[in-house]
Amino acid sequence: QVQLVESGGGSVQAGGSLRLSCTTSEYPVARNCMGWFRQAPGKQREGVAGIDLIGNSNYADSVQGRFTISQDNAKNTLYLQMSSLKPEDTAMYYCAARSEPCTRWRGGIPAGGYFQNWGRGTQVTVSS
């Protein structure tokens with residue numbers, strides 16, 4: 001089981017920015033598929049951003065142009081830079097990693113079942 005630890009969540013006003021981090025000590029982020037998901041109360045979990053086998057970044061339409069996913073291979077850390085935050089971005093954000101062979105994504109961010117490892121989440125709250 002891969003251990004993923006998220007950090008960087010918090011409370012901000014609309015229009016503000018946050019950077020989430022996901023660290024792992026034994027999982028090489030450079031050669032694996034990883035992603036960020038979020039779940040708001042009463043709503044289904046949704047994929048926010050992810051990186052596939054060939055390093056392509058994929059984003060949900062709702063965050064395209066505002067969020068940026070990146071990775072620091074030396075630090076084994078995945079990031080999610082969030083800008084121009086909106087109240088509807090309020091949710092628990094989870095980091096996800098795939099243990100099985102990584103693939104190229106042709107239809108956007110895969111559903112949650114594609115990833116076998118999950119962090120405990122970090123809360124993001126955006127006030128209007």
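This report describes the aromatic side chains and one strand with its neighbours in a predicted model.

**Aromatic rings**

Across the whole structure, a search finds 6 aromatic pairs. In one of them, the ring centres of tryptophan 105 and phenylalanine 115 are 6.1 Å apart and the ring planes stand at 85°, so this pair is edge-to-face. Both tryptophan 105 and phenylalanine 115 lie in the loop between β9 (91–97) and β10 (117–118), so the pair ties together parts that are 10 residues apart in sequence. Tryptophan 105 has a relative accessible area of 8% and is buried, and phenylalanine 115, at 4% relative accessibility, counts as buried as well.

These two residues also belong to a wider group, since ring pairs link Phe37, Trp105, Tyr114, Phe115 and Trp118 into a cluster. Two members of the cluster, Tyr114 and Trp118, have an arginine over the ring face: arginine 98 lies over tyrosine 114, at 3.9 Å from the ring centre, while arginine 45 lies over tryptophan 118, at 4.2 Å from the ring centre.

**Strand β8 and its partners**

Strand β8 covers residues 77–82, and 5 of its 6 residues are buried, so the strand is largely enclosed by the rest of the structure. Strand β3 (residues 18–23) pairs with β8 in the antiparallel sense over 6 bridges, and leucine 20 stands opposite leucine 80 in β8. Strand β7 (residues 67–72) likewise pairs with β8 in the antiparallel sense, over 6 bridges, and here aspartate 72 has threonine 77 in β8 as its bridge partner. Strands β7 and β8 form a hairpin with 4 residues between them, and the turn holds asparagine 76.

**Residues with positive phi**

Asparagine 76 has a positive phi, a value found here in a residue other than glycine, and the same description applies to serine 84. The table sets out the phi and the relative accessibility of each residue, together with its place in the chain.

| Residue | Loop | Phi | Relative accessibility |
|---|---|---|---|
| Asparagine 76 | between β7 and β8 | near 50° | 16% |
| Serine 84 | between β8 and β9 | near 50° | 42% |

At 16% relative accessibility, asparagine 76 counts as buried because buried means under 20%, whereas serine 84, at 42%, counts as partly exposed.

Note on methods: Residues numbered from 1 in each chain as written. Predicted model: local features only at pLDDT ≥ 70, side-chain atom pairs only at ≥ 80, totals over all residues. Heavy atoms only, no water. Phe/Tyr/Trp six-rings, centres within 6.5 Å; stacked < 30°, edge-to-face > 60°. Helix = DSSP H or I, 4+ residues; strand = E, 2+ residues; numbered from the N terminus. Buried < 20%, exposed > 50% of the residue type's maximum accessible area, 1.4 Å probe, protein only. Lys NZ or Arg CZ within 6 Å of the ring centre and 35° of its normal. Pairing = 2+ DSSP bridges.
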